[in-house]
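Visitor: I'd like a close look at one part of this model, and then a walk outward from there. Could you take it slowly and tell me what sits next to what?

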Amino acid sequence: MEVVTIFKNTNEFIREYRAEFADHLGKAFEESSPLERYTMLVRLIRRHISRQWVYTNTQYGKKDGDKQVYYFSMEFLIGKLLNNYLVNLGIREIVSDGLAQLKVDLDDIVSLEVDAGLGNGGLGRLAACFLDSMAFLGIPGHGNGIRYKFGLFRQKIVDGQQVELPDNWLQQGYPWEIRKPEKSVVVRFNGNVNWVQDGQRLRFVHENYDAVLAVPYDVPIIGYARDDQINTLRLWSAEPAGEEFDFASFNRGDYAKALHSRSDAEAISYVLYPNDNNQSGQELRLKQEYFLVAAGVAAIVQRYKRKRGNLLELNDNISIHINDTHPALCVAELMRILVDEEDMDWERAWTITVNTVSFTNHTVMPEALERWPEEMFRRLLPRIYMIICEIDRRHRILLESHAATKSQVANTAIIRDGQLHMVNLAVIGSHSVNGVAALHTEILKRDLLRDFYVSFPYKFKNETNGVSHRRFLLCANPGLSGLITECVGEGWAKDFSRVEGLLDFEGDAGLLDRLGEVKRGNKVRLAKYVKESTGVALDPDSLFDVQVKRIHGYKRQLLNVLQILSLYNNIKDHPNGHYTPCSFIIAGKAAPGYHLAKMIIQLICSLADKINNDPVASRFIKLVFVENFNVTIGEMIYPASDISEQISIAGKEASGTGNMKQMMNGAITLGTLDGANVEIRDAVGEEYMGLFGLRVDQVMSFYLKGGYLSWDAYHEDPRLKKALDQLISGFFSGAGNEFKDIYNSLLRDNDEYFVLKDFDSYTDACHRLYSWYEDKRRWNAASLRNIARSWQFSSDETIKRYESDIWNRL
């Protein structure tokens with residue numbers, strides 16, 4: 001099929017754009033609202049790529065060896081698509097010029113698009129970057145996720161505290177998506193399973209179940225310079241499958257009961273990660289995960305059978321990839337279909353399933369390794385429970401036959417202690433298990449999944465994460481992109497390794513000065529946003545020290561805050577001292593049920609209020625908390641970052657991706673040797689970073705053997721003692737005893753994440769970088785080296801490895 005050509009010139013674009021308003025709105029362009037102008041622009045682009053989108057889908061699966069990848073993830077943090085797609089299609093300049101002739105600014109149109117409420121943090125953004133790279137590389141890769149009506153939540157800071165509001169991102173519609181009700185899937189919950197003898201086979205019949213309809217909405221994934229191939233992100237929305245309105249109850253005045261079935265069904269796709277601190281929340285989470293899996297796997301099988309007829313060679317043509325443990329039920333659901341619906345014997349079905357499914361682990365944090373109460377699981381998913389019991393039974397027999405110890409059998413069992421362990425199901429049911437950074441993979445093999453590694457070492461691989469350089473550099477930082485193109489040519493957007501050619505300019509004073517000017521321009525843009533959103537004026541000539549990520553104890557925003565508080569105290573004690581002007585920028589969301597994380601946000605805001613209103617301290621430092629951090633805000637912050645704070649306690653951060661986004665925009669990493677920081681050090685050299693803190697072996701030694709008392713650090717370091725005492729002394733007026741819990745977590749509870757232990761080393765590293773920043777040429781040379789070596793962390797490189805090492809496409 002001929003490759004799509006979109007808008008040969010500006011006049012053609014204007015003509016077609018005007019026609020959209022007449023054809024779909026029955027009005028002239030001049031009569032339209034700004035939102036209508038955005039919507040019609042998206043519809044016009046979608047119409048142009050639709051034929052190629054359809055053609056792409058009809059061609060997938062026709063050729064032997066052209067294996068398709070289905071990427072299952074609870075999150076796809078895709079952000080805004082319009083600007084990215086205009087760049088990918090090579091028409092941004094034409095569209096911008098055409099809109100200018102219509103007296104409209106493209107940036108104003110782009111600003112009207114909402115960030116899709118489909119994710120929270122690095123897990124979801126990684127999934128989105130992977131879709132981008134698969135589309136660019138020509139890999140037939142499909143995303144499978146949930147169409148959350150209200151996303152995670154919209155964060156609002158009120159009186160210094162996080163308030164969670166619905167993220168009603170679908171309120172005005174989402175013009176990129178296409179609803180496909182004819183491809184809906186019925187998902188079954190509850191009920192009972194009976195068996196009947198059918199000749200030589202037992203057949204299992206699921207009866208008296210509650211049915212929910214999974215309705216797909218498809219979103220096009222357009223790769224850079226690849227309008228000949230359009231991939232798909234399929235998002236499933238939950239709707240009632242049967243009678244949705246109880247008319248008799250309505251007539252009796254029981255209006256809640258009249259809509260009960262609709263509400264129960266739709267709740268499944270309302271919110272990402274509902275609070276699971278209670279049984280209802282746990283049930284809803286499990287429903288969400290099975291809903292995604294059952295709908296996605298059913299659609300794969302139905303499509304495959306239409307093209308191939310049977311499933312005997314499924315694993316040769318299909319890869320199902322599980323992004324963390326949330327979609328682990330893919331293993332059991334595929335087995336259910338093969339055994340119950342396709343009449344395969346267990347052994348053949350198991351061979352196909354294991355060779356089809358692969359699994360990425362993203363965390364070593366216990367709370368993220370999902371476990372479900374056995375009684376709840378059995379009631380909610382009775383047939384899936386039976387299948388998991390059989391998988392577990394056979395796994396135990398296999399290990400025992402290979403002389404595994406009792407502890408190895410117990411630790412790798414799916415069902416134990418009245419719970420079902422999803423990470424064990426994912427490992428047992430996959431042919432490949434990978435970590436997302438070299439250090440993380442070693443921790444999996446040595447600690448978290450050690451007993452699996454002993455028995456199945458061939459399953460384990462490392463595939464270090466990567467991010468889309470086209471999204472977070474080419475599109476987000478046009479000034480730097482232009483400078484790179486001047487130095488290494490235009491091909492770097494397709495082959496990011498070409499940026500290594502920037503190393504030829506490390507001694508070019510003029511180029512380094514221009515690099516600094518680009519950075520300052522990005523800081524001016526961010527400072528403008530911060531002033532408009534918070535009222536705080538940041539100096540673009542100050543050092544921008546950035547920590548933007550989910551608020552969590554192990555990510556150690558507390559360490560950052562204590563250092564800033566100590567710096568503030570020093571300025572107050574020595575107002576005539578020499579200080580590098582710094583603007584500290586922190587952003588991130590705390591889980592609604594995570595009390596300590598929400599207290600940390602309140603502490604940040606209280607300290608910011610203290611600093612920014614102090615006539616002495618505010619001459620040297622400012623602190624802002626940017627609310628409701630998302631992809632779009634990140635695209636402003638990353639290009640403006642001077643210091644990238646990656647300060648998690650060693651051994652807890654699987655990889656990190658914010659470190660990569662800031663690195664490719666020229667930030668210097670300040671961090672521990674945790675996650676992908678280790679590989680960043682290997683890429684740029686330790687002298688081009690600010691490293692500090694305990695190493696993984698030291699952390700593990702303290703956890704296993706003890707020997708650390710946070711009270712000792714408190715008494716030995718006057719800076720720490722003063723800062724911690726300020727949490728409970730009334731220093732933060734109006735806070736009362738609200739920071740007592742933070743104080744207790746650090747002292748009474750012995751500082752689980754070694755904040756106080758690493759404080760001195762961290763403070764030293766901070767001040768080394770502050771001093772370094774004052775030598776702008778030296779700083780810019782280090783920035784240039786970080787950019788040049790960041791190509792190793794492009795998601796293109798990661799996906800190439802997945803393609804060959806895991807999906808076996810090459």
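Guide: Sure. One term before we start: two strands pair if DSSP finds at least two bridges between them. Keep in mind, too, that this is a predicted model.

The part to zoom in on is strand β10, residues 230–240. Of its 11 residues, 11 are buried, so β10 is largely enclosed by the rest of the structure. Buried here means under 20% relative accessible area. In a regular strand, side chains alternate between the two faces of the sheet. With that in mind, check both sides of β10: one carries I230, T232, R234, W236, A238 and P240, the other N231, L233, L235, S237 and E239, and every one of them is buried. So much for the faces; now the neighbours. Strand β9 (residues 210–222) runs antiparallel to β10, and 11 bridges link them. One spot to click on is R234 of β10, the bridge partner of D218. Strand β2 (residues 141–146) also pairs with β10, this time in the parallel sense and over 5 bridges. There, I146 stands opposite W236 of β10.

Now hop along the chain to a couple of helices. Helix α23 covers residues 557–573. From first C-alpha to last, its 17 residues reach 24 Å, close to the 24 Å expected at 1.5 Å a residue. α23 is mostly covered as well, with 14 of the 17 residues buried. Helix α24 (residues 595–612) holds I604, which is buried with a relative accessible area of 0%. Leaving aside residues up to four places away in sequence, I604 touches V561, I586, L623 and F625. Also worth a distance check is L562: it is 42 residues from I604 in sequence, yet the two C-alphas are 9.6 Å apart.

Last stop is an open sheet of 6 strands with parallel pairing, in the order β20-β19-β18-β21-β22-β23. β20 (621–626) and β23 (690–691) are the edge strands, each with a single partner, so one side of each has no neighbour in the sheet. Further in, strands β21 (residues 643–646) and β22 (residues 668–671) run parallel and are joined by 4 bridges. To find the register, start at I643, whose bridge partner in β22 is I668.

Definitions and conventions
Residues numbered from 1 in each chain as written. Predicted model: local features only at pLDDT ≥ 70, side-chain atom pairs only at ≥ 80, totals over all residues. Heavy atoms only, no water. Buried < 20%, exposed > 50% of the residue type's maximum accessible area, 1.4 Å probe, protein only. Helix = DSSP H or I, 4+ residues; strand = E, 2+ residues; numbered from the N terminus. Expected span 1.5 Å × (residues − 1). Contact = heavy atoms within 4.5 Å.
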